[in-house]
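Here is a short, relaxed tour for anyone meeting this structure for the first time. Have a look around before reading on.

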Amino acid sequence: MLELILLICVIGAGTWGELCVSRAMKALGEVHDFRPAALVQFAWRAARVGWMWVGISLMTVAFFSLLALLSMENVSFVVPVTALSYAAGAIGAALFLREKVTKQRWLGVLVVCLGVTLVWLSRH
Amino acid sequence: MKNSPGLHLKTYIFLLFIALFAPLGNVLLSKGMKGVGSAKNWQPQALLHVVTQVLRSGYIWFGIGCLLAFFVAYMLVLTWADYSFVQPASAFSYAIVAILGLLLLGEKVSPLRWSGIAVICLGVLIVSDTHPRTTEKE
(Lines give C-alpha, C1' and ligand atoms only; values in the text may rest on other atoms or scores of the structure.)
Protein backbone atom coordinates (compact mmCIF):
# COMPACT_ATOMS: atom_id res chain seq x y z
CA MET A 1 0.00 0.00 0.00
CA LEU A 2 2.81 2.39 0.95
CA GLU A 3 4.55 1.56 -2.32
CA LEU A 4 1.39 2.43 -4.29
CA ILE A 5 1.10 5.79 -2.47
CA LEU A 6 4.74 6.55 -3.22
CA LEU A 7 4.23 5.59 -6.88
CA ILE A 8 1.25 7.96 -7.12
CA CYS A 9 3.43 10.72 -5.62
CA VAL A 10 6.24 10.00 -8.12
CA ILE A 11 3.84 10.05 -11.09
CA GLY A 12 1.48 12.84 -9.96
CA ALA A 13 3.98 15.31 -8.53
CA GLY A 14 6.58 14.46 -11.18
CA THR A 15 4.25 14.97 -14.14
CA TRP A 16 2.72 18.19 -12.83
CA GLY A 17 6.17 19.44 -11.90
CA GLU A 18 7.42 18.83 -15.43
CA LEU A 19 4.34 20.50 -16.91
CA CYS A 20 4.94 23.60 -14.76
CA VAL A 21 8.64 23.69 -15.74
CA SER A 22 7.67 23.23 -19.39
CA ARG A 23 5.22 26.13 -19.15
CA ALA A 24 7.95 28.31 -17.62
CA MET A 25 10.45 27.32 -20.32
CA LYS A 26 7.96 28.04 -23.10
CA ALA A 27 7.49 31.52 -21.62
CA LEU A 28 11.26 32.09 -21.68
CA GLY A 29 11.65 31.11 -25.33
CA GLU A 30 14.11 28.99 -27.29
CA VAL A 31 17.80 28.87 -26.25
CA HIS A 32 20.20 29.77 -29.08
CA ASP A 33 23.35 30.71 -27.16
CA PHE A 34 24.99 27.79 -25.29
CA ARG A 35 28.01 29.69 -23.86
CA PRO A 36 28.28 29.34 -20.04
CA ALA A 37 27.66 33.06 -19.39
CA ALA A 38 24.56 33.02 -21.56
CA LEU A 39 23.30 29.85 -19.84
CA VAL A 40 23.81 31.42 -16.40
CA GLN A 41 21.88 34.49 -17.56
CA PHE A 42 19.15 32.20 -18.87
CA ALA A 43 19.03 30.34 -15.52
CA TRP A 44 18.69 33.69 -13.74
CA ARG A 45 15.75 34.64 -15.95
CA ALA A 46 14.21 31.17 -15.37
CA ALA A 47 14.52 31.61 -11.59
CA ARG A 48 12.24 34.64 -11.79
CA VAL A 49 9.37 32.71 -13.36
CA GLY A 50 6.80 31.55 -10.78
CA TRP A 51 5.84 28.38 -12.64
CA MET A 52 9.49 27.27 -12.43
CA TRP A 53 9.39 27.25 -8.60
CA VAL A 54 6.05 25.46 -8.47
CA GLY A 55 7.48 22.87 -10.87
CA ILE A 56 10.72 22.45 -8.94
CA SER A 57 8.81 22.03 -5.64
CA LEU A 58 6.59 19.32 -7.12
CA MET A 59 9.59 17.60 -8.69
CA THR A 60 11.34 17.61 -5.29
CA VAL A 61 8.37 15.77 -3.76
CA ALA A 62 8.53 13.28 -6.65
CA PHE A 63 12.29 12.84 -6.16
CA PHE A 64 12.09 11.94 -2.47
CA SER A 65 9.17 9.61 -3.16
CA LEU A 66 11.33 7.93 -5.82
CA LEU A 67 14.19 7.55 -3.31
CA ALA A 68 11.84 5.88 -0.82
CA LEU A 69 10.50 3.57 -3.55
CA LEU A 70 14.02 2.63 -4.67
CA SER A 71 14.85 1.54 -1.12
CA MET A 72 12.02 -1.03 -1.35
CA GLU A 73 12.00 -2.26 -4.96
CA ASN A 74 14.45 -2.98 -7.81
CA VAL A 75 15.32 -0.11 -10.12
CA SER A 76 14.39 -2.28 -13.15
CA PHE A 77 10.85 -2.36 -11.73
CA VAL A 78 10.50 1.13 -10.24
CA VAL A 79 11.66 3.18 -13.23
CA PRO A 80 9.59 1.38 -15.92
CA VAL A 81 6.36 1.61 -13.87
CA THR A 82 6.83 5.36 -13.55
CA ALA A 83 6.28 5.44 -17.33
CA LEU A 84 2.60 5.67 -16.38
CA SER A 85 3.34 9.37 -16.19
CA TYR A 86 3.16 9.40 -20.03
CA ALA A 87 -0.60 9.10 -19.91
CA ALA A 88 -0.82 11.86 -17.29
CA GLY A 89 1.73 13.89 -19.29
CA ALA A 90 -0.15 13.64 -22.58
CA ILE A 91 -3.42 14.65 -20.93
CA GLY A 92 -1.70 17.52 -19.10
CA ALA A 93 0.10 18.68 -22.26
CA ALA A 94 -3.21 18.82 -24.14
CA LEU A 95 -5.13 20.57 -21.36
CA PHE A 96 -2.53 22.63 -19.51
CA LEU A 97 -0.03 23.53 -22.27
CA ARG A 98 -2.57 23.41 -25.13
CA GLU A 99 -0.28 21.25 -27.25
CA LYS A 100 -1.84 19.35 -30.13
CA VAL A 101 -1.36 15.71 -29.16
CA THR A 102 -1.87 13.77 -32.40
CA LYS A 103 -3.61 10.40 -32.73
CA GLN A 104 -0.24 8.76 -33.36
CA ARG A 105 1.17 10.17 -30.13
CA TRP A 106 -1.90 8.96 -28.23
CA LEU A 107 -1.36 5.50 -29.76
CA GLY A 108 2.29 5.56 -28.62
CA VAL A 109 1.27 6.57 -25.11
CA LEU A 110 -1.28 3.72 -25.07
CA VAL A 111 1.39 1.19 -26.08
CA VAL A 112 3.72 2.57 -23.40
CA CYS A 113 0.95 2.04 -20.83
CA LEU A 114 0.50 -1.56 -22.04
CA GLY A 115 4.22 -2.11 -21.48
CA VAL A 116 3.98 -0.67 -17.99
CA THR A 117 1.16 -3.10 -17.22
CA LEU A 118 3.38 -6.04 -18.23
CA VAL A 119 6.21 -4.73 -16.03
CA TRP A 120 3.76 -4.37 -13.15
CA LEU A 121 2.62 -7.98 -13.63
CA SER A 122 6.26 -9.11 -13.43
CA ARG A 123 6.51 -7.76 -9.89
CA HIS A 124 5.97 -11.13 -8.15
CA MET B 1 12.98 26.44 -38.34
CA LYS B 2 9.80 24.52 -37.76
CA ASN B 3 10.69 21.75 -40.25
CA SER B 4 14.46 22.25 -40.53
CA PRO B 5 16.85 19.24 -40.25
CA GLY B 6 18.86 21.32 -37.75
CA LEU B 7 15.95 21.30 -35.31
CA HIS B 8 15.64 17.52 -35.56
CA LEU B 9 19.42 16.93 -35.16
CA LYS B 10 19.64 19.24 -32.14
CA THR B 11 16.58 17.58 -30.60
CA TYR B 12 17.93 14.04 -31.05
CA ILE B 13 21.36 14.94 -29.61
CA PHE B 14 19.68 16.28 -26.48
CA LEU B 15 17.40 13.23 -26.31
CA LEU B 16 20.54 11.05 -26.33
CA PHE B 17 21.88 12.93 -23.28
CA ILE B 18 18.51 12.53 -21.59
CA ALA B 19 18.40 8.78 -22.35
CA LEU B 20 21.89 8.21 -20.88
CA PHE B 21 22.03 10.46 -17.82
CA ALA B 22 18.60 9.62 -16.41
CA PRO B 23 19.08 5.82 -16.18
CA LEU B 24 22.62 6.13 -14.85
CA GLY B 25 21.38 8.55 -12.20
CA ASN B 26 18.53 6.23 -11.20
CA VAL B 27 20.82 3.19 -10.97
CA LEU B 28 23.24 5.12 -8.74
CA LEU B 29 20.34 6.28 -6.55
CA SER B 30 19.10 2.70 -6.30
CA LYS B 31 22.57 1.49 -5.29
CA GLY B 32 22.74 4.24 -2.66
CA MET B 33 19.23 3.63 -1.28
CA LYS B 34 19.76 -0.13 -1.07
CA GLY B 35 22.74 0.67 1.18
CA VAL B 36 20.72 3.12 3.29
CA GLY B 37 17.58 0.96 3.58
CA SER B 38 14.01 2.16 4.14
CA ALA B 39 12.73 3.91 7.27
CA LYS B 40 11.51 1.43 9.91
CA ASN B 41 8.67 3.76 10.94
CA TRP B 42 7.37 7.31 10.39
CA GLN B 43 8.79 8.71 13.63
CA PRO B 44 10.77 11.96 13.05
CA GLN B 45 13.89 10.38 14.58
CA ALA B 46 13.79 7.41 12.19
CA LEU B 47 13.18 9.68 9.18
CA LEU B 48 16.00 12.00 10.24
CA HIS B 49 18.32 9.00 10.50
CA VAL B 50 17.44 7.93 6.94
CA VAL B 51 17.89 11.49 5.60
CA THR B 52 21.31 11.71 7.28
CA GLN B 53 22.34 8.39 5.74
CA VAL B 54 21.10 9.56 2.33
CA LEU B 55 23.15 12.77 2.54
CA ARG B 56 26.28 10.76 3.42
CA SER B 57 25.99 8.37 0.47
CA GLY B 58 28.44 9.03 -2.37
CA TYR B 59 26.35 6.96 -4.79
CA ILE B 60 23.35 9.21 -4.14
CA TRP B 61 25.36 12.37 -4.76
CA PHE B 62 26.72 10.94 -8.03
CA GLY B 63 23.18 9.94 -8.94
CA ILE B 64 21.93 13.46 -8.21
CA GLY B 65 24.76 14.83 -10.40
CA CYS B 66 23.67 12.63 -13.32
CA LEU B 67 20.02 13.60 -12.82
CA LEU B 68 20.98 17.28 -12.74
CA ALA B 69 22.77 16.86 -16.08
CA PHE B 70 19.64 15.13 -17.36
CA PHE B 71 17.45 17.94 -16.00
CA VAL B 72 19.51 20.68 -17.72
CA ALA B 73 19.35 18.84 -21.05
CA TYR B 74 15.64 18.26 -20.53
CA MET B 75 14.90 21.91 -19.75
CA LEU B 76 16.87 23.12 -22.77
CA VAL B 77 15.13 20.76 -25.19
CA LEU B 78 11.74 21.86 -23.85
CA THR B 79 12.42 25.41 -25.06
CA TRP B 80 11.96 24.31 -28.70
CA ALA B 81 10.26 20.88 -28.66
CA ASP B 82 6.85 19.86 -27.37
CA TYR B 83 6.59 18.33 -23.92
CA SER B 84 4.35 15.55 -25.26
CA PHE B 85 7.11 14.67 -27.76
CA VAL B 86 10.10 14.91 -25.42
CA GLN B 87 8.63 13.01 -22.51
CA PRO B 88 7.74 9.76 -24.33
CA ALA B 89 10.86 9.93 -26.51
CA SER B 90 12.99 9.92 -23.38
CA ALA B 91 11.46 6.56 -22.48
CA PHE B 92 14.40 4.78 -24.13
CA SER B 93 15.94 5.27 -20.74
CA TYR B 94 13.60 2.54 -19.43
CA ALA B 95 15.40 -0.08 -21.48
CA ILE B 96 18.80 1.30 -20.51
CA VAL B 97 17.90 1.36 -16.81
CA ALA B 98 16.96 -2.34 -16.91
CA ILE B 99 20.23 -3.21 -18.68
CA LEU B 100 22.23 -1.19 -16.13
CA GLY B 101 20.24 -2.73 -13.26
CA LEU B 102 21.12 -6.19 -14.59
CA LEU B 103 24.81 -5.45 -15.28
CA LEU B 104 25.72 -3.10 -12.42
CA LEU B 105 23.34 -4.13 -9.62
CA GLY B 106 22.85 -7.81 -10.50
CA GLU B 107 19.05 -7.50 -10.53
CA LYS B 108 17.03 -10.41 -11.90
CA VAL B 109 14.92 -9.19 -14.82
CA SER B 110 12.26 -11.73 -15.80
CA PRO B 111 11.22 -12.37 -19.43
CA LEU B 112 7.83 -10.76 -18.64
CA ARG B 113 9.56 -7.59 -17.46
CA TRP B 114 11.77 -7.52 -20.57
CA SER B 115 8.61 -7.92 -22.66
CA GLY B 116 7.02 -4.97 -20.87
CA ILE B 117 10.12 -2.83 -21.43
CA ALA B 118 10.19 -3.84 -25.12
CA VAL B 119 6.54 -2.78 -25.46
CA ILE B 120 7.40 0.55 -23.79
CA CYS B 121 10.18 1.05 -26.37
CA LEU B 122 7.71 0.25 -29.17
CA GLY B 123 5.45 2.97 -27.81
CA VAL B 124 8.45 5.31 -27.82
CA LEU B 125 9.17 4.55 -31.48
CA ILE B 126 5.57 5.32 -32.42
CA VAL B 127 5.73 8.65 -30.60
CA SER B 128 9.19 9.53 -31.96
CA ASP B 129 7.83 9.34 -35.51
CA THR B 130 5.78 12.49 -34.89
CA HIS B 131 7.02 16.07 -35.35
CA PRO B 132 8.70 17.55 -32.26
CA ARG B 133 6.69 20.76 -32.40
CA THR B 134 2.97 21.27 -32.85
CA THR B 135 2.61 24.77 -31.42
CA GLU B 136 3.79 28.02 -32.97
CA LYS B 137 6.60 30.09 -31.46
CA GLU B 138 5.40 32.80 -29.09
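Let's start with a bit of vocabulary: two residues are in contact if their C-beta atoms, placed from the backbone, lie within 7 Å. With that in hand, take the contacts in chain B between residues at least 6 apart in sequence: 80% of them join residues at least 24 apart. Chain A gives 80% as well, counted for residues at least 6 apart that join at least 24 apart.

A few ground rules. This is a predicted model, in which local features need pLDDT of at least 70, side-chain atom pairs count only at pLDDT 80 or more, and totals for chains, interfaces and linings use all residues. Residues are numbered from 1 along each chain as its sequence is written, while chains are lettered from A and ligands numbered from 1 in the order in which they are written.

**The two chains**

Helices and strands here are DSSP runs (H or I, at least four residues, for helices; E, at least two, for strands), numbered from the N terminus. A residue is buried if 20 or more other C-beta atoms lie within 10 Å of its own, exposed if 12 or fewer, and partly exposed in between, with C-beta atoms placed from the backbone.

| Chain | Helices | Strands | Residues | Buried |
|---|---|---|---|---|
| A | six | zero | 124 residues | 44% |
| B | six | zero | 138 residues | 41% |

The C-alpha atoms of chain A fit a box of roughly 50 × 35 × 25 Å along the principal axes. As for pLDDT (the predictor's confidence in each residue, from 0 to 100), chain A has a mean of 86, with 99% of its residues at 70 or more. Among the elements of chain A, α3(A) has the highest mean pLDDT, 91, and α5(A) the lowest, 79.

**Two helices packing in chain A**

Axes are lines fitted to C-alpha atoms, for helices over the stretch in contact, and angles run from 0 to 180 degrees between N-to-C directions. In chain A, helix α1 (residues 2–28) packs against helix α5 (residues 85–95) at an angle of about 35°, and their axes are 9 Å apart. On the α1(A) side, the residues that meet α5(A) include A:W16 and A:L19, and on the α5(A) side they include A:A88 and A:G92. The residues of this contact of α1(A) with α5(A) divide into four nonpolar, five polar and one charged. For that sorting, Ala, Val, Leu, Ile, Met, Phe, Trp, Tyr, Cys and Pro count as nonpolar, Asp, Glu, Lys and Arg as charged, and the others, Gly among them, as polar.

**Where the chains touch**

How many residues of chain A are in contact with chain B? There are 44 from chain A, in contact with 47 residues of chain B. On the side of chain A that touches chain B, α1, α3 (50–70), α4 (75–81), α5 and α6 (103–121) each supply at least two residues. The largest share, 13 residues, comes from α6(A). That side of chain A divides into 27 nonpolar, eleven polar and six charged residues.

**A closer look at two spots**

A:L66 is found in helix α3 of chain A. Why does A:L66 count as buried? Because A:L66 has 25 C-beta neighbours inside 10 Å. The C-alpha atoms of A:L66 and A:V81 are separated by 11 Å, with the two residues 15 apart along the chain.

In chain B, the buried residues of α3(B) include B:I60, B:L67 and B:F70.
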